[in-house]
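Reader: I am new to this structure and would like to go through it step by step. Could you show it to me before I begin with my questions?

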Amino acid sequence: MHHLTAALLRQSYFWLKRNAAPGVDGVTWEAYGAENLDERIIDLHARVHRGAYRALPSRRKMIPKPDGRERPLGIASLEDKIVQRAMVEILNEIYEADFLGFSYGFRPGRGQHDALDALAYAITRTPVSWILDADLRAYFDTVSHDWLIRFLEHRIGDPRVIRLIRKWLQAGVMDGLNVVETTKGTPQGSVISPLLANVYLHYSFDLWIHRWRKRHATGNIVVVRYADDIVVGLQHYSDAKALRSQLETRLAMFSLTLHPEKTRLIEFGRWADERRRKRGEGKPEPFGFLGFLHICAKSRQGHFLLRRQTRPDRMRITLHAIGEQLRKRMHQSVEEQGRWLQSVVRGYFAYHAVPTNGPALCNFRERVTRLWRHALSRRSQNAYTPWRTMSAITKTWLPTPRIIHPWPQDRFAVNHPM
């Protein structure tokens, strides 16, 4: 706990997002630091160390999911965010030495494209014939507080840190005017939630499957995990079948379950298409991971090609959000709308512009153009925008699709030299 200094708390304040939504306290980032920031930080530091600090309930906000349902987010108060961000900085120094290499989610120096590269490299360069696409049902809502605290006590000896984490877990959620008690789960959206989720899966899944593939597997097994998104590539069907059965038993010990409809065991890889054709079966099924569909395809030379394509449901959600914003910005100038759309499309391309995904990028840009033209044409009864004019506007403001990410095996080879 002595590492939680006033200087670290002050730095944590500046690490937070400036425009993040306020919690139940209603305090924004700017308002907190507008006056006497140093005095507030010193007071917060003193309250934390003498045990007078009290965690406030998270404010619940619902956001749409690709399947049409809603995901609850917990928005913490500003002081809770500051203390949590400082604690994450301290705990990362401990757990980065423990976490295994196939865990990529919410870790310093690792990102989604590192996980995507590792998976693509495993499928194209190692003997993978089966994919276990594991989906944990309501993971963040079902984490057991008792198990989580037991896991944390393996590496944290200071009881004050454990008490602090208990306060955040048990602070509850403000749903409307009522405070709902939380007896399990970690609030999605809180600063410390990703780290706690990683700790939980490190002990309940990572260490177990690391031992399993050494002691029980008869062939090659590769694992890629990004938070609660898990993909396992296996060489033999016997290993895949045994793993799925034993994984369900293992997760049940820690109050976790596999989603029966979203968890799939599919034949996939360099030889899947040929084997299925010999058996008179259709093409290998694709699977989704981190916003991309992974598809068995062939290159122009007839060799195996792992094609990654933006998931259509994710694209639809993004386009729907753009359409809603364009309706709100309908009477802004073309220049104002153009600057905003330019940043949105550039950000979308920055993530999705991977090799083999060029057609999806062009489709996205075309559909954004149609949404923009529709918004411009609805400004008034005489505001019809002809396509010739719209093409010139689009050329001026919307970035042209361009692949900016290298091939996965090239970047993986640089990041993991032999």
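Author: Let us begin with one pair of residues: K298 stands opposite F304 in strand 11. Helices (H or I, at least four residues) and strands (E, at least two) are DSSP runs, numbered from the N terminus.

Reader: What kind of model is this, and how are residues numbered?

Author: This is a predicted model, in which local features need pLDDT of at least 70 and side-chain atom pairs count only at pLDDT 80 or more, while totals for chains, interfaces and linings use all residues. Residues are numbered from 1 along each chain as its sequence is written, and side-chain values use heavy atoms, with hydrogens and water left out.

Reader: Back to strand 11, then. How many bridges join strand 10 to strand 11?

Author: There are 7 bridges between strand 10 and strand 11 (residues 304-310), and the two run antiparallel. Two strands are said to pair if DSSP finds at least two bridges between them. A297 is also placed opposite a residue of strand 11, namely L305. Strand 10 and strand 11 form a hairpin with 5 residues between them, and G302 in the turn has a positive phi of about 90 degrees.

Reader: And what does strand 9 do with strand 10?

Author: Strand 9 (residues 287-289) is joined to strand 10 by 3 bridges, again in antiparallel fashion. F289 stands opposite F292 in strand 10. These two strands form a hairpin with 2 residues between them, where L290 in the turn has a positive phi of about 55 degrees.

Reader: In what order do these strands form a sheet?

Author: The order is 9-10-11, an open sheet of 3 strands with antiparallel pairing. Its edge strands are strand 9 and strand 11, each of which pairs on one side only. The twist averages 40 degrees from one strand to the next; axes are lines fitted to C-alpha atoms, for helices over the stretch in contact, and angles run from 0 to 180 degrees between N-to-C directions.

Reader: Why is strand 10 described as largely enclosed?

Author: Of the 7 residues of strand 10 (residues 292-298), 5 are buried, so the strand is largely enclosed by the rest of the structure. Buried means under 20% relative accessible area, exposed over 50%, and partly exposed in between (1.4 Å probe, protein chains only).

Reader: Changing topic: what is the strand order in the sheet of 4 strands?

Author: That open sheet has the order 6-7-3-8, with antiparallel pairing. Strand 6 (221-226) and strand 8 (264-267) are the edge strands, each pairing on one side only. On average, neighbouring strands of this sheet are turned by 15 degrees against each other, direction ignored. Strand 3 (residues 130-135) pairs with strand 8 over 4 bridges, and L132 stands opposite L265 in strand 8.

Reader: Which strands does helix 5 lie across?

Author: Helix 5 (residues 112-125) lies across strand 3, strand 6 and strand 7 (229-234), and runs at about 165 degrees to strand 6. Helix 9 (residues 193-215) packs on the sheet as well, touching strand 6 and strand 7. Contact here means heavy atoms within 4.5 Å.

Reader: Where is the kink in helix 9 centred?

Author: The kink, of about 50 degrees, is centred on H202. The bend at a residue is the angle between axes fitted to the seven residues ending there and the seven starting there.

Reader: What about helix 14: what covers its buried residues?

Author: The cover includes strand 11, helix 12, helix 13 (334-352) and helix 15 (387-397). Among the buried residues of helix 14 are L361, F364, V368 and W372.

Reader: How many salt bridges are there in the whole structure?

Author: A search finds 21, a salt bridge being a side-chain nitrogen of Lys or Arg within 4 Å of a carboxyl oxygen of Asp or Glu. In one of them, R47 and E79 have their closest N and O atoms 3.0 Å apart. R47 lies in helix 3 (residues 37-50) and E79 in helix 4 (residues 78-95), so the pair ties together parts that are 32 residues apart in sequence.

Reader: Is R47 buried or exposed?

Author: R47 is buried, with a relative accessible area of 17%.

Reader: Which residues are linked in a network of salt bridges?

Author: The network links E267, R276, R279 and E281.
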